[in-house]
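Open the model in your viewer and keep the selection tool at hand. The tour goes stop by stop.

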Amino acid sequence: MTTPDVFAPAKLGPLELRNRVIKAATFEGMTKGALVGDELIEFHRRHAAGGVGMSTVAYCAVAPEGRTERDQIWMRPEALPGLRRLTDAVHAEGAAVSAQIGHAGPVANGKSNGLPSLGPSRSFNPQALRMTRAASRADIERVTKAHADAALLAIEAGFDAVEIHFGHNYLASSFLSPKINKRTDEYGGSLAKRAKVVRGIARAVRDAVGDRIAILAKLNMDDGVPGGLWLDESLRVAQWLEEDGGLDALELTAGSSLLNPMYLFRGDAPVREFAAAMPQPVKLGVQLVGGKFIRSYPYEEAYLLDSARQFRAALKMPLVLLGGVTRRETMDLAMAEGFQFVAMARALLREPDLLNRMRDEPGTRSLCIHCNKCMPTIFSGTHCVLA
């Protein structure tokens, strides 16, 4: 088959994108009062003007206790006017826009939200210094329905797609993890039982929206922690999701916001910068033991490709390659290996117009140095500190 041109239009479910490059979800830290403001709109308008096929708004919680902190958007009628202004601004630049929907689960800061965080099992959240409550069957049913309701609100707000968050040990991902999920009921134990939440959410969203918008999911290939979800089990989950028919594409990711966040990002570990951004006593904890949690992994281009190849070989559905995509050659390699889309994040924080320049001058190189000092800026408005 002819290798697709990454800058040519492409179909994603019912949606046609102007190219195959997606601005990956990057928590923006620009939603004071859990509502959209001008800063967030400009953030996504700038990336749309810079040439991406679709920009992803991150992250839109499906329930108030599903926020990582209280100023994060959660999908409700009061958020619709701002979200509509955002989607209109992105569309005016010729790009599509996706809402990443999900429930942070044990990653949520219960102290900030004023609500108990939920997980598959009772556990301690070191950021909130509180216990995470084990989700009941009623909680699971409520959160599953909330994903469907959030997708319907996304349609009303003018979004072209939703991306369901099944990664990074957020709620659905934490159910998949044998390290975090210690349940002995119908949602714990075997992989089939641990996958019930993920499969149920995907089905609920598809049943709610049909083919009115594209549905993607971000799925962990592995958690990057001993005893967590690993490739063999994740591959089987991906096959089940494909068989269920609820998704138009799968974006492959890795790592745990709860246990090993740098496993996704690779590059330098900005421990000092994270400590400076935290309130006490969390700041002191990061200063003392942050190096054990915020670990450094060597950066290399397309660092998730080796794992993602196994998913490409096992699945027929469209896949999005994420992780260290900063060069035109990498995009072309992804297309040649059968990936339908690529996703970029950090490189676009430094240069929102990088895609336009790559399209016009294929030899263009990203200026991102993978210092990851952008990561702690999520608490004050996500940006590249070197731009």
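Start by selecting N169, in the loop that runs between β9 (161-166) and α5 (171-176). The model is predicted, so treat each stop as a feature of a prediction. Is N169 buried or exposed? With a relative accessibility of 0%, N169 counts as buried, because the cut-off for that is under 20%. Now check its backbone: phi of N169 is positive, about 65°, although N169 is not a glycine. Most residues other than glycine have a negative phi.

Go next to N372. It sits in the segment after α15 (354-360). Its phi is positive too, near 65°, and this residue is again not a glycine. At 2% relative accessibility, N372 counts as buried.

**A cis peptide**

Select A58 and Y59 together. The peptide bond from A58 to Y59 is cis, with omega near 5°. Most peptide bonds are trans. Y59 belongs to strand β4 (residues 54-61).

**The core**

Pick F166 and L250. Within the largest nonpolar core, which has 122 residues, these two touch the most other members. Helix α4 (residues 137-156) supplies the largest share of this core, seven residues. Apart from it lies another core of ten residues, including Y59, V107, Y170 and I180. In soluble globular proteins, nonpolar side chains tend to be buried together.

Stay on F166 and show its surroundings. Which residues are in contact with F166, leaving aside neighbours within four places in sequence? They are A172, S173, V198, I201, A202, A217, K218, L219, N220 and L241.

**Helix α8**

L241 leads on to the next selection, as it is one of the buried residues of α8. The others are L231, S234, L235, V237, A238 and W240. Residues three or four places apart in an α-helix point the same way, because there are 3.6 residues a turn. Now take the distance between the end C-alpha atoms of α8 (residues 231-244): 20 Å. That agrees with the expected span, because 14 residues at 1.5 Å a residue should also give 20 Å. Step past the end of the helix to G245, which follows α8 and has a positive phi, near 75°.

**Out to the surface**

Finish with F124, L129 and M131. They form a nonpolar patch on the surface, with about 290 Å² of accessible area together. Centre on L129, in the loop between β7 (123-125) and β8 (130-134). L129 counts as partly exposed, because its relative accessibility is 45%.

Methods
Residues numbered from 1 in each chain as written. Predicted model: local features only at pLDDT ≥ 70, side-chain atom pairs only at ≥ 80, totals over all residues. Heavy atoms only, no water. Patch = residues over 30% accessible without salt bridge, like charges linked within 9 Å, V, L, I, M, F, W, Y side chains within 5 Å. Areas by Shrake-Rupley, 256 points an atom, 1.4 Å probe, with all protein chains shown as cover. Salt bridge = Lys/Arg side-chain N within 4 Å of Asp/Glu carboxyl O. Helix = DSSP H or I, 4+ residues; strand = E, 2+ residues; numbered from the N terminus. Buried < 20%, exposed > 50% of the residue type's maximum accessible area, 1.4 Å probe, protein only. Expected span 1.5 Å × (residues − 1). Core = buried A, V, L, I, M, F, W, Y, C linked by side-chain atoms within 4.5 Å. Contact = heavy atoms within 4.5 Å.
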